[in-house]
Amino acid sequence: MKFQLKSILLLFIMIYGSSCEKKEDPIIPHEEELITTLKYTLTSADSSVVKEFIFKDVDGDGGDEPVITIDTLDAHIAYTGRITLLNESESPAEDITVEVEEEGAEHQLFFISSGADMEITYLDVDENGNSLGLETLVLTDSISEGTLNIVLRHQPKKPNDGSLSDAGGSTDISVDFDVFIR
Amino acid sequence: MTILLLNLMHLMAEGQVCNLTLSGKVVDARDQSALSYAAVMIAEAEGKSGVADSLGHFRISGICKGKYHIELRYVGYEPASVFVDLNKSKSLTFELIRHQELLNEVAVHGEQEEMSSLVHNVVGKLKINREGNKNLANILESVSGVSVLKTGTGISKPIIQGVYGNRIAIVNNDLIQSAQLWGNDHAPEIDPFVANHISVIKGTAAIEYGTKALGGAVLIDPYIMNNDPHLHGSVNYIFESNGLGSTINAKLEQAANWASWRVTGTLKYIGDRHAPDYFLTNTGQREQNLAMQLEKRIKKKWIIKGYASTFNSNTGILLGGHVQNTTDLEEAIGREIPFNTSDEFSYSIEPPRQEVSHHLLKLETQYLSDANKIFTIRYGGQINNRNEYDIRRNNRSEIPALSLTLVTNSIDVNYHTVTPNNNHFKFGGQWYYSNNTNNPETGVFPLIPDYLSNKLGFFSIWKKEWDNWFVDAGARYDYQSLEVWAITKSFPREIENNLHQFNTFALSGGVGNELNKKLQLDLNLGYAQRAPEINELYSFGLHQGISQIEEGDKNLHPEDAFKAVFHLSWKLSPKLSVENSTYFHNINNYIFLEPQGVRLTIRGAYIVAQYKQTDAQLAGNDLAFEYTPHKSLVFNGVYSLVRGYDRSNDQYLIYMPSDNIQVNSQYNFKPTKAFENSFVKVTARYVFKQTRYNAEQEILEPPSDYFLLGLEAGIDIHRNKGHWVLGLRVENALNQTYRDYLNRMRYFSDEPGININFQLQYSF
């Protein structure tokens, strides 16, 4: 029984020692991959007109509703479109566009328009000569309205036929904007 | 005459005493009933063997003085190898333990008998050796009432009578497995090869293992150390054709002078699995496990036991299942072949994948003040490390998206005694202290927060047998303090410190009656409160796996559950026995993940599910039969069904197993001198389509009925030194294309096709 008592004592010392350490406050992780904001900036040929479509969801997966702002587009105009991706949960905001550009071969943006009378084509390519989509050409035609779905795919099949189902990959961004052409 | 002369000459040549006799009786370990015509063999004495008579008696004479291993075999029982030092003629009683499928059995664990009228099934070591290359839960699937919740081929969790995860206890070598077992895609990190047998407890009174065990418990029971002073060991290799996988397990054991020890190690290397029509790309698995067991008896009254194990796995998750928002999900569901399916086989494991390790240390001393009084103190230390890797941008795929370390220290103290008038008592206390930490290097908001959990529990169990009655009762009280360091969901992110305290208790009682030698009835009743787990309180974020954002609720209350199990065991004739278990499980404040609709995020729309409480009701029936029309031919079968209902919301509970039937027929060949345990077996499994589901909660209709055929064959070959086992096991012999409702990958791909397993084992 003496052996028993000694071992119990030893056990308690070990446990007490390990359990009495105060647990430190956790380090809040720096959320590097969080994209909170997508801006689709359309500039007219003479740079006089700038239209913006913005999708901003600052709390990521949280319950706060995203804020979507749109501009109406003019009919029969050619715009140069530029995509900007930001992490605005940080201050100053982190520019994610650079990362996507550097890993161009592993990304592709898709622009799916339905209803509105406009055509969107790729202007840029990645290091392998395949479309990327950070720079696009938007040609609006007659007065109409519809929706525009912008999707960023990570590791899609490249080259592909320009459709989401052929490209595959994982969806990093998928946002919908109402489009009004006046 | 010639034979006699030869024997005489042999004796004279040997020059030793060779007229000893070994006689005795072979009986069932539990009820001491005779095992008629059991085979008795002396391993080192070629030709010295016997067959017991109808009363279990045997007699082998003309044995030389020496040390031997007596090997006993009887169909339906665990084979035994007992060391005997034959320095004079001896008469001994040998006990064999009945194994498997059909049992309301009291398992014998070393010195002590199990404490209750629990409904109890045992998966024995023969089956573990044959099927050890499977995931732990998959080995248990043949037990009635057990289903498997899968996330693809590499991850399986046991479901016992409709409940799983936080509602069942997994006990690893007497320690409650302390790991992130709340996740539907988190499998228990245990190597089945470390077990002597695995018990599935479905009754109500596993109160010793905490209030979680009201739902059920899986006990991974360690080897019982024997007294054999010789070095014994085995090497077991299993190759599976589907995945071109190799699993190798090696064991060594000896009852040496300084201590009895046993070491077991397992390596697993499996590549992409194959559905009948295509590869399941990125479904490889790796495992490296090692366990060591030590036991030393000091002065007849003390036993010191030590056990240390390490389990390390790397599991690939189907690439085509890595789908995110609801639009992509709908697209993936519609596909013939999953996204990212390769035409070629590969062993490589890429993200998405899970890397988990579990290290365990157990130190125990037992003091036997007499044969009936045992005092046990046990220390347990567990370290669980879980890293989940996702496909990430900017070379971050090698940094886990989820990285958790859970360190647990525990102390168990219990006292087991039997009074002179045969009252069994067991009292005990358990203290479990857990520290959970997230690795901030992930760069991802943690799915569950850092916490410190302090649990203290006390239990007492009483059991009594008299005449043909059996009664037991138990009570348990637990106190838990949970200190959480949550991170706020809104920006700027801050630490929010919360303290929860829970007081829960449980009661159980059972009564059983052996009406006659043929019929036994048991009733178990149990009541238990279950405190909410960390994920139910604090989950936040997208959990790798199905595209769902999960959110906890820190204001949840403990659940209140009542379970009743009525069990009958009936030997209708010498050839036919039936066992049936009917259960009813009512859970108030049942905590579950309720889909709330979709949430719009920058990645698209995601299903959001929140932890809610409701009143739930489960009921089910497990029916098992065994028919032995002829000594060598056995048919057995199981028919399980369970129903789960959410009373408050008037709808079905999600993930309820559908009805299923399994029928096996086995033919055992007569053993010869060199060949033993030869058998051929056909298995048939029919799983019905799950028709009880809520259309709004299911993104895809449950899959249709399916039928699977399996074949098995095996043979034991005895040589002078040791013996070989050759085994063949074919799963899904018809290469059936099917999907299973309980596999979370059913949205994306079919189940694996035909799998041919070859087993080669050498033991000495």
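Here is a chat between a colleague and a modeller about a predicted model with chains A and B.

Colleague: Let's start with chain A. What makes up its secondary structure?

Modeller: Chain A has 3 helices and 10 strands. Read from the N terminus, the elements go α-β-β-β-β-β-α-β-β-β-β-α-β.

Colleague: How much of chain A counts as buried?

Modeller: Of its 182 residues, 45% do. The cut-off for that word is a relative accessible area under 20%. As for the outside, the accessible surface of chain A is about 8900 Å², and carbon and sulfur atoms own 54% of that.

Colleague: And which share of the contacts in chain A joins residues at least 24 apart?

Modeller: That share is 62%, counted among contacts between residues at least 6 apart in sequence.

Colleague: Now the strands. Why are S1 and S4 of chain A called a pair?

Modeller: Two strands pair if there are at least two bridges between them. Strand S1 (residues 37-44) and strand S4 (residues 78-87) of chain A have 8 bridges, so they qualify as a pair, in the antiparallel sense. One place to look is A:Leu42, whose bridge partner in S4(A) is A:Gly81.

Colleague: What about S4(A) and S5(A), how many bridges join them?

Modeller: There are 2 bridges between S4(A) and strand S5 (residues 94-95) of chain A, and the limit is at least two, so this counts as a pair. The two strands run antiparallel. A:Asn87 has A:Glu94 as its bridge partner in S5(A). S4(A) and S5(A) also form a hairpin, with 6 residues between them.

Colleague: Which other strand pairs with S4(A) over 5 bridges?

Modeller: That's strand S8 (residues 135-140) of chain A, again in the antiparallel sense. There, A:Thr80 is matched with A:Leu137 as its bridge partner.

Colleague: What makes S6 and S10 of chain A edge strands?

Modeller: Take the sheet they belong to: 3 strands in the order S6-S9-S10 of chain A, an open sheet with antiparallel pairing. Strand S6 (107-114) and strand S10 (170-181) each pair on one side only, and that is what puts them at the edge. From one strand to the next, the twist averages 15 degrees. S6(A) is joined to strand S9 (residues 144-154) by 8 bridges, and A:Ile112 has A:Asn149 as its bridge partner in S9(A).

Colleague: Where in chain B is there an open sheet of 3 strands?

Modeller: Look at S11-S12-S13 in chain B, in that order, with antiparallel pairing. Its edge strands are strand S11 (146-151) and strand S13 (163-164), each of them pairing on one side only. S11(B) and strand S12 (residues 155-160) share 6 bridges, where at least two are needed, so they are a pair. B:Val146 has B:Ile160 as its bridge partner in S12(B).

Colleague: Staying in chain B, why is B:Asn173 called buried?

Modeller: Its relative accessible area is 0% and the cut-off is under 20%, so B:Asn173 is buried. You'll find B:Asn173 in the loop between strand S14 (169-172) and strand S15 (175-176) of chain B.

Colleague: How do you know which side chains make polar contacts with B:Asn173?

Modeller: The distance limit is within 3.5 Å. The side chain of B:Asn172 makes a polar contact with that of B:Asn173 at 3.2 Å, and the side chain of B:Tyr307 does so at 3.4 Å. Leaving out residues up to four places away in sequence, B:Asn173 touches B:Val194, B:Ile220, B:Pro222, B:Tyr307 and B:Lys362.

Colleague: What does B:Leu568 touch, apart from its neighbours within four places in sequence?

Modeller: B:Leu568, which lies in strand S35 (residues 559-573) of chain B, is in contact with B:Leu519, B:Gln520, B:Leu521, B:Val578, B:Glu579 and B:Asn580. B:Gly152 is another matter: its C-alpha atom and that of B:Leu568 are separated by 36 Å, and the two residues are 416 residues apart along the chain.

Colleague: Last one: how much area is buried between chain B and chain A?

Modeller: About 4800 Å², with 59% of it from carbon and sulfur atoms. In chain B, the residues that lose the most area to chain A are B:Arg393, B:Phe491 and B:Ile602, together 19% of what that side buries. The contact takes 52 residues from chain B and 52 residues from chain A.

Definitions and conventions:
Residues are numbered from 1 along each chain as its sequence is written. Chains are lettered from A and ligands numbered from 1 in the order in which they are written. This is a predicted model: local features need pLDDT of at least 70, side-chain atom pairs count only at pLDDT 80 or more; totals for chains, interfaces and linings use all residues. Side-chain values use heavy atoms; hydrogens and water are left out. Helices (H or I, at least four residues) and strands (E, at least two) are DSSP runs, numbered from the N terminus. Buried means under 20% relative accessible area, exposed over 50%, partly exposed in between (1.4 Å probe, protein chains only). A polar contact is a pair of N or O atoms within 3.5 Å; within protein, one must be able to donate a hydrogen and the other to accept it, and residues adjacent in sequence count only if both atoms are side-chain atoms. Contact means heavy atoms within 4.5 Å. Accessible areas come from the Shrake-Rupley method with a 1.4 Å probe; for residues, only the protein chains shown count as cover. Axes are lines fitted to C-alpha atoms, for helices over the stretch in contact, and angles run from 0 to 180 degrees between N-to-C directions. Buried area is the accessible area (1.4 Å probe) that two parts lose on being put together, summed over both.
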